[in-house]
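Let's walk through this structure together, one strand at a time. Have a look at the sequence and the model below, and then we can start.

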Amino acid sequence: MISVWNELRVARTERPHPELEYHPAFYGEEQGRQLLQSLCTQVTWQTDHFMAFGRRIEIPRLQAWYADPGIRYSYSNNLLQTLAWLPELTALREQIELACGHRFNSVLLTYYRDGRDSVSWHTDDEQELGSEPWIASLSLGASRVMQYRNKHQSETGALSLHHGDLLLMRPGFQQHWLHQVAAQPEVDEPRINLTYRLVAMDDSG
Ligand SMILES: O=C(O)CCC(=O)C(=O)O
Ligand SMILES: [Fe+2]
């Protein structure tokens, strides 16, 4: 597969680093609007929960998980229900694989209904992703800020992710950095983020 990433611009952050590759407007404006619209209505959005201090708390966003047969994925002890691929998501997967020269077998969709929805500091370092994951993240809809901070030093950064932008997180990013999309109460439009991942097959049956 030919990688086109060498033609792309690296994220313009306060201090750009080699573990992020940023391709603004990877997806066209109108094409993106149509995809956003169709995902809003066709995806089986799930409300997930986590346990804290003995209480079951709803996470502040909706999610959906699409993957090849045999792939199972859980985070924070939540096993995500695997849905069968929608044609739109398969087409996008091919486009993204071609652009970045990496294979993906699953996608986590996150629906931020408005600026009150968020995802707090975390790293995508589940065991199933292996030690050196490539994760491709496409943003649709409202612009939101992704912040990241180094796990070992005080270094931080932020990136404004706009409609149609593609961000490739290289191996090393999950190992050394945490990231979050904090609440931005002034945002009243929805946003969908898709993170394509390569998850190891579950052999446990
Ligand atoms: O919404 C984003 O840009 C990031 C989402 C994220 O961190 C994730 O899906 O793991
Ligand atoms: Fe993440």
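A good place to begin is the pairing of β7 with β14, which run antiparallel and are joined by seven bridges. Helices (H or I, at least four residues) and strands (E, at least two) are DSSP runs, numbered from the N terminus, and two strands pair if DSSP finds at least two bridges between them. In this pairing, Y112 stands opposite R191 in β14.

Before going further, a word on conventions: this is a predicted model, in which local features need pLDDT of at least 70, side-chain atom pairs count only at pLDDT 80 or more, and totals for chains, interfaces and linings use all residues. Residues are numbered from 1 along each chain as its sequence is written, while chains are lettered from A and ligands numbered from 1 in the order in which they are written.

Now back to β7, which has a second antiparallel partner in β3 (residues 55–67), with six bridges between them. Here the bridge partner of A67 is S106 in β7. How buried is β7? Six of its seven residues are buried, so β7 is largely enclosed by the rest of the structure. A residue is buried if 20 or more other C-beta atoms lie within 10 Å of its own, exposed if 12 or fewer, and partly exposed in between, with C-beta atoms placed from the backbone.

The same strand leads us to the ligand. β7 (106–112), β13 (177–181) and β14 (191–197) each supply at least two residues of the shell around ligand 1. The residues around ligand 1 are L108, T110, V119, D124, S137, M146, L161, H179, V181, N193 and T195; a residue is near a molecule if its C-beta atom, placed from the backbone, lies within 6 Å of it. By class, this shell has five nonpolar, five polar and one charged residues. The classes are simple: Ala, Val, Leu, Ile, Met, Phe, Trp, Tyr, Cys and Pro count as nonpolar, Asp, Glu, Lys and Arg as charged, and the others, Gly among them, as polar.

Follow β13 next, and you arrive at an open sheet of four strands in the order β8-β13-β10-β11, with antiparallel pairing. β8 (119–122) and β11 (156–161) stand at the edges with a single partner strand each, so one side of each is left without a neighbour in the sheet. From one strand to the next, the twist averages 15°, an angle between N-to-C directions that runs from 0 to 180 degrees, with axes fitted to C-alpha atoms. Inside this sheet, β10 (residues 144–150) and β13 pair over four bridges, and Y148 stands opposite H179 in β13.

UniProt, in an unreviewed entry, places the feature "domain: Fe2OG dioxygenase" at residues 103–200. Over that stretch the chain is 4% helix and 48% strand, and the end C-alpha atoms are 12 Å apart. UniProt positions are in the numbering used here, feature names are shortened, and annotations may be inferred rather than shown by experiment.

Stepping back, the protein has three helices and 14 strands, and buried residues make up 29% of its 205 residues.

Finally, two loops deserve a look at their backbone angles. Most residues other than glycine have a negative phi. Yet phi is near 50° for A25, found in the loop between β1 (20–23) and α1 (29–42). Phi of F53 is also near 50°, and F53 lies in the loop between β2 (46–52) and β3. A25 counts as exposed because it has 12 C-beta neighbours inside 10 Å, and F53 is exposed with 5 other C-beta atoms within 10 Å.
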